[in-house]
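Biologist: I keep running into labels for residues and contacts, and I'd like to know where they come from. Can we go through some of them together?

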Amino acid sequence: MSNSIALVTGANTGIGKEIARQLADGGQTVYVGSRDAGRGQQAVAEIGGDTRLLVLDVTDGQSIAAAAEQVGSLDILVNNAGILVDGATPPEAELDSFRRTYETNVFGVIAVTNAFLPALRRSGRPRIVNISSGTGSLAWSAEGRFSMGGGAAYRSSKTALNAVTLFYAQALAGDGFKVNAMAPGLRRTGLNPRAAASDGDPAEAAAGAVRLALLGDDGPTGEFLSWDLTPVPW
Ligand code: NAP
């Protein structure tokens with residue numbers, strides 16, 4: 001699929017910037033979503049190609065509406081913007097940490113997706129990629145793969161995002177949409193100190209998201225996949 005129009009939220013840095021870069025390198029027109037105009041403009045300048053700044057704070061309804069007005073037609077929406085506030089277990093956590101995390105990682109995705117659905121419906125091949133996390137897998141959590149109960153706000157927000165992904169896929173299946181969630185693996189970004197200290201290449205994860213963004217009509221929908229497109233248990 002060439003000459004598609006894509007929007008990547010939170011594309012001024014990290015995995016989102018790499019997704020925007022790879023889509024642009026592949027010849028797509030890319031709206032670089034950024035809540036800060038200056039940081040977004042800098043990313044646009046660094047990425048080059050056919051990239052455009054789209055100021056977009058996924059927690060701000062007015063910002064979302066203003067951004068959606070600027071985009072007439074859209075083939076690819078990558079809901080990448082996300083935050084990790086703290087590593088608290090539920091008994092330790094401030095309720096506000098859950099609220100802030102869900103506001104961005106869950107409600108933000110729903111608000112942005114719904115605002116851009118009219119533009120996506122103008123596409124002949126609409127694709128939505130939600131950047132989730134393996135730590136949102138309840139099956140992996142129950143196996144004890146991650147810290148026991150830690151990062152509860154973030155991890156449960158990604159579990160909720162996975163559920164929402166499945167429901168969008170089911171609701172939009174008759175309209176040609178492919179909607180999938182992707183676990184990027186641990187990547188060296190500014191998400192939190194653990195990610196920053198890792199040696200995971202964000203570009204490797206971005207390549208998986210780009211494959212999901214460019215899925216053919218025989219591709220999967222309603223799935224939770226790792227960056228290498230192997231299934232992750234819910
Ligand atoms: P990052 O470097 O911190 O980038 C996060 C991006 O989201 C930034 O562009 C940030 O913008 C943006 N953002 C945050 N809140 C926003 C809002 N309200 N509106 C618009 N943009 C907002 O982290 P990252 O690792 O690349 O994260 C990208 C995605 O990958 C997230 O969904 C994250 O949960 C997921 N993920 C990452 C890892 C990892 O190891 N890195 C692992 C699993 C999943 P600002 O620059 O303005 O803050």
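What follows is a chat about labels and the values behind them.

Modeller: Before we start, this is a predicted model, where local features need pLDDT of at least 70, side-chain atom pairs count only at pLDDT 80 or more, and totals for chains, interfaces and linings use all residues. Residues are numbered from 1 along each chain as its sequence is written, and side-chain values use heavy atoms, with hydrogens and water left out.

Biologist: Okay, why is Thr51 called buried?

Modeller: Buried means under 20% relative accessible area, exposed means over 50%, and partly exposed is in between (1.4 Å probe, protein chains only). Thr51 has a relative accessible area of 11%, so it is buried. You'll find Thr51 in strand β3, residues 51-55; strands are DSSP runs of E with at least two residues, helices are runs of H or I with at least four, and both are numbered from the N terminus.

Biologist: What makes the pair Thr51 and Gly48 a polar contact?

Modeller: A polar contact is a pair of N or O atoms within 3.5 Å; within protein, one must be able to donate a hydrogen and the other to accept it, and residues adjacent in sequence count only if both atoms are side-chain atoms. Here a polar side-chain atom of Thr51 sits 2.9 Å from the backbone oxygen of Gly48, so the pair fits the rule.

Biologist: And which contacts does the ligand have with Arg39, Gly10 and Gly190?

Modeller: A polar side-chain atom of Arg39 is 2.7 Å from a ligand oxygen. For Gly10, a backbone N or O atom is 3.1 Å from an oxygen of the ligand, and for Gly190 a polar backbone atom is 3.4 Å from one. On its own the ligand exposes 900 Å², and the protein buries 92% of that (areas by the Shrake-Rupley method with a 1.4 Å probe; for residues, only the protein chains shown count as cover).

Biologist: How many residues surround the ligand?

Modeller: There are 29, and the closest are Arg39, Asn80, Tyr154, Arg187 and Thr189. To be near, a residue needs a heavy atom within 4 Å of the molecule.

Biologist: Why is Glu204 called partly exposed?

Modeller: Glu204 has 38% relative accessibility, so it counts as partly exposed. Glu204 belongs to helix α8, residues 202-213. The C-alpha atoms of Glu204 and Ile15 are 9.0 Å apart, with their positions 189 residues apart in sequence.

Biologist: What about Ser147, why does that one count as partly exposed?

Modeller: Its relative accessibility is 47%, so Ser147 gets that label. Ser147 lies in the loop between α5 (138-142) and α6. From Ser147 to Arg121, 26 residues apart along the chain, the C-alpha atoms are separated by 41 Å.

Biologist: And why is Gly216 partly exposed?

Modeller: Gly216 has a relative accessible area of 22%, so partly exposed fits. Gly216 is in the loop between α8 and β7.

Biologist: Last one: what is the phi of Leu229?

Modeller: Leu229 has a positive phi of about 70 degrees although it is not a glycine. Most residues other than glycine have a negative phi. Leu229 comes in the segment after β7 (224-226), and its 22% relative accessibility makes it partly exposed.
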